[in-house]
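Biologist: I have a chain here and would like to go through its fold. Can you take me through it step by step?

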Amino acid sequence: MASGPQIGSPAPDFTLPGGVLTGDTFERRDHTLSAARGRAVVLAFYPGDNTAVCTKQLCSYSSGLETFEGLDAEVWGISPQGVDSHESFARGHGLRMPLLADTGRETARAYGVTAPGIGVRRSVFLIGPDGVLRWKHVALLGATFQSLDTLAEQLSGIRTA
């Protein structure tokens, strides 16, 4: 596993296809990290759509979107599945954040979170409004995830730093 970006360094930029469920519409478009400058971005890498822990994690973040918005942050879910899978996952669970398709795992490699067998390690990267990596957590096994409260606490620190 590559080490990925270090805290305090610029976050690797990327553009990935994805979509976000807004009401009954799944709006597909490309998402580019550098285009989100000015707001904090939570990148939540997860192994797969419709798996038990991933579903709990993303449902937790989706139901807490107001908390993230109150901290002037966006949450993007990233996994190796395609946009069609993401649309089905979002519709099935009412997920309201963008879900991005890293089908070739290039972005996961840039962040040092590829893993044999599972493909992508469950991990979270908090990118400051200036595009700099401020905090990260990479799980070894991925059976648990970083809570909304933990991420909100870390984001609060970014805003006051």
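Modeller: We can go through the sheet, the cores, the aromatic rings and two loop residues in turn. Keep in mind that this is a predicted model.

Biologist: Fine. What is the order of the strands in the open sheet of 7 strands?

Modeller: The order is β2-β1-β5-β4-β3-β8-β9, and the pairing is mixed.

Biologist: Which strands stand at the edges?

Modeller: β2 (25–32) and β9. Each has a single partner strand, so one side of each is left without a neighbour in the sheet.

Biologist: How much are neighbouring strands turned against each other?

Modeller: By 25 degrees on average, if direction is ignored.

Biologist: Which helix packs on the sheet and touches β1, β2, β4 and β5?

Modeller: That is α3. The direction of α3 makes about 130 degrees with that of β2.

Biologist: Back to the β2 edge. How many bridges are there between β1 and β2?

Modeller: There are 8 bridges, and the two strands pair in the antiparallel sense. Strand β1 covers residues 15–22. As an example of who faces whom, Thr 15 stands opposite Thr 32 in β2.

Biologist: And at the other end, how does β8 pair with β9?

Modeller: Those two run antiparallel, joined by 5 bridges, with β9 spanning residues 133–138. Leu 126 has Trp 135 in β9 as its bridge partner. The hairpin of β8 and β9 has 5 residues between the strands, and Gly 131 in that hairpin takes a positive phi near 85 degrees.

Biologist: What about β8 and β3, parallel or antiparallel?

Modeller: Antiparallel, over 5 bridges. Ala 44 is partnered there by Val 124 of β8.

Biologist: Is β8 buried or exposed?

Modeller: Buried: 5 of the 5 residues of β8 are, so the strand is largely enclosed by the rest of the structure.

Biologist: Which residues point which way from β8?

Modeller: Ser 123, Phe 125 and Ile 127 point one way, Val 124 and Leu 126 the other, and all are buried.

Biologist: New topic. How many residues are in the largest nonpolar core?

Modeller: It has 29 residues, and those with the most contacts inside it are Tyr 61, Phe 68 and Leu 155. The elements that give two or more residues to this core include β3, α1, α2 and β8. The largest share is 5 residues, from α5.

Biologist: What does Leu 155 touch?

Modeller: Leaving out residues up to four places away in sequence, Leu 155 touches Ala 40, Val 42, Phe 68, Leu 71, Ala 73 and Leu 126. Apart from this core lies another, of 18 residues, among them Leu 16, Trp 76, Val 113 and Leu 133.

Biologist: How many aromatic pairs are there?

Modeller: The count comes to 8. One of them is Tyr 61 with Phe 68, an edge-to-face pair at 6.1 Å centre to centre and 85 degrees between the planes.

Biologist: Why do you count Tyr 61 as buried?

Modeller: Because its relative accessible area is 0%, and buried means under 20%. Phe 68 is also at 0% relative accessibility, so that residue counts as buried too.

Biologist: Which way do the rings of Tyr 111 and Phe 125 meet, and at what distance?

Modeller: That pair is edge-to-face, with 4.9 Å centre to centre and 70 degrees between the planes. Tyr 111 lies in the loop between α4 (106–110) and β6 (114–115), and Phe 125 in strand β8, so the pair ties together parts that are 14 residues apart in sequence. Both Tyr 111 and Phe 125 are buried. Ring pairs also link these two with Phe 14, Phe 45 and Trp 76 into a cluster.

Biologist: Last topic, the loops. What is phi of Asn 50?

Modeller: It is near 60 degrees, a positive value in a residue other than glycine. Most residues other than glycine have a negative phi. Asn 50 lies in the loop between β3 (40–45) and α1 (52–63).

Biologist: And which phi does Asp 72 have?

Modeller: A positive one, about 55 degrees, although Asp 72 is not a glycine either. Asp 72 sits in the loop between α2 (65–70) and β4 (73–79).

Biologist: How exposed are the two?

Modeller: Asn 50 is partly exposed, with a relative accessible area of 46%. Asp 72 is partly exposed as well, at 34%.

Conventions
Residues are numbered from 1 along each chain as its sequence is written. This is a predicted model: local features need pLDDT of at least 70, side-chain atom pairs count only at pLDDT 80 or more; totals for chains, interfaces and linings use all residues. Side-chain values use heavy atoms; hydrogens and water are left out. Helices (H or I, at least four residues) and strands (E, at least two) are DSSP runs, numbered from the N terminus. Buried means under 20% relative accessible area, exposed over 50%, partly exposed in between (1.4 Å probe, protein chains only). A nonpolar core is a set of buried Ala, Val, Leu, Ile, Met, Phe, Trp, Tyr and Cys residues joined through side-chain atoms within 4.5 Å. Contact means heavy atoms within 4.5 Å. Rings of Phe, Tyr and Trp (its six-membered ring) pair if their centres lie within 6.5 Å; planes under 30 degrees apart count as stacked, over 60 as edge-to-face and the rest as tilted. Two strands pair if DSSP finds at least two bridges between them. Axes are lines fitted to C-alpha atoms, for helices over the stretch in contact, and angles run from 0 to 180 degrees between N-to-C directions.
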